[in-house]
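Dear colleague,

I am handing over a structure that is new to you, and what was found in it follows directly after it. Please read the notes with the structure open beside them.

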Amino acid sequence: MSKSAEIAQFVETVARQMGLELTAQAEEMEDGLRINLEGEQGVMLTRRQGEVLASLQHVVSSVYRQETLDGRRLVVDCNGFRKGKDAELKQMAIFLGEKAKSTGFAQEMGPLNPYERRIVHLAIGDIAGVSSESIGDAFEKTVIISAE
């Protein structure tokens, strides 16, 4: 069994132990692995802005952090919830980056967890003349987007 299939099976087992009938499939991404959970009961994971999904992500990441993913990202998604949120976050980062560039005033996003901050920093990195920085000392930090 491949490592990605093993992780998908683990995620499906954890979901089942939570009383949820969901199926998990592994999807290779250019920078890591996405485990997609699908099923009608997935709404239980995506309620309250995906708090339970984020907790499941934390558990899975903790278990497989030292495994042979070669430093690549491991993302747990449910019914496309994270893909949609990721796209929204990226679009907002681009919008605020362009706004910071055109006005000269720094823009703030947050508080954001490490996964969300990474998406913002990558999006800002693609905009010439704009930089981003995380500030704060908690798990969730604010990202400051400013013109260079």
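The expected span of a helix is 1.5 Å times one less than its number of residues, where helices (H or I, at least four residues) and strands (E, at least two) are DSSP runs numbered from the N terminus. By that rule the 23 residues of α3 should span 33 Å, and its end C-alpha atoms are indeed 33 Å apart, which agrees.

Before going further, please note that this is a predicted model, in which local features need pLDDT of at least 70 and side-chain atom pairs count only at pLDDT 80 or more, while totals for chains, interfaces and linings use all residues. Residues are numbered from 1 along each chain as its sequence is written, and side-chain values use heavy atoms, with hydrogens and water left out.

Staying with α3, which covers residues 81-103, its buried residues are Arg82, Asp86, Leu89, Ala93, Leu96, Gly97 and Ala100; buried means under 20% relative accessible area, exposed over 50%, and partly exposed in between (1.4 Å probe, protein chains only). Asp86 counts as buried because its relative accessible area is 14%, and, leaving aside neighbours within four places in sequence, Asp86 is in contact (heavy atoms within 4.5 Å) with Arg34, Tyr115 and Ile119. Just after α3, Gly104 takes a positive phi of about 85 degrees.

The largest nonpolar core, meaning a set of buried Ala, Val, Leu, Ile, Met, Phe, Trp, Tyr and Cys residues joined through side-chain atoms within 4.5 Å, has 19 residues. Two or more residues come to this core from each of α1 (3-17), β2 (32-38), α2 (43-64) and β3 (73-78). Apart from this core lies another, of 17 residues, among them Val75, Leu96, Ala123 and Ile127. Val11, which is among the residues with the most contacts inside the largest core, touches Ile35, Leu37, Leu56, Val60 and Val76, not counting residues up to four places away in sequence.

Strands pair if DSSP finds at least two bridges between them, and β1 (residues 23-29) is joined to β2 by 7 bridges, the two running antiparallel. A hairpin connects β1 to β2 through 2 residues, and Ala26 stands opposite Ile35 in β2.

Finally, Ser146 lies in strand β6 (residues 141-147) and counts as partly exposed, because its relative accessibility is 23%. Its C-alpha atom is separated by 6.7 Å from that of Phe105, although the two residues are 41 residues apart along the chain.

With kind regards
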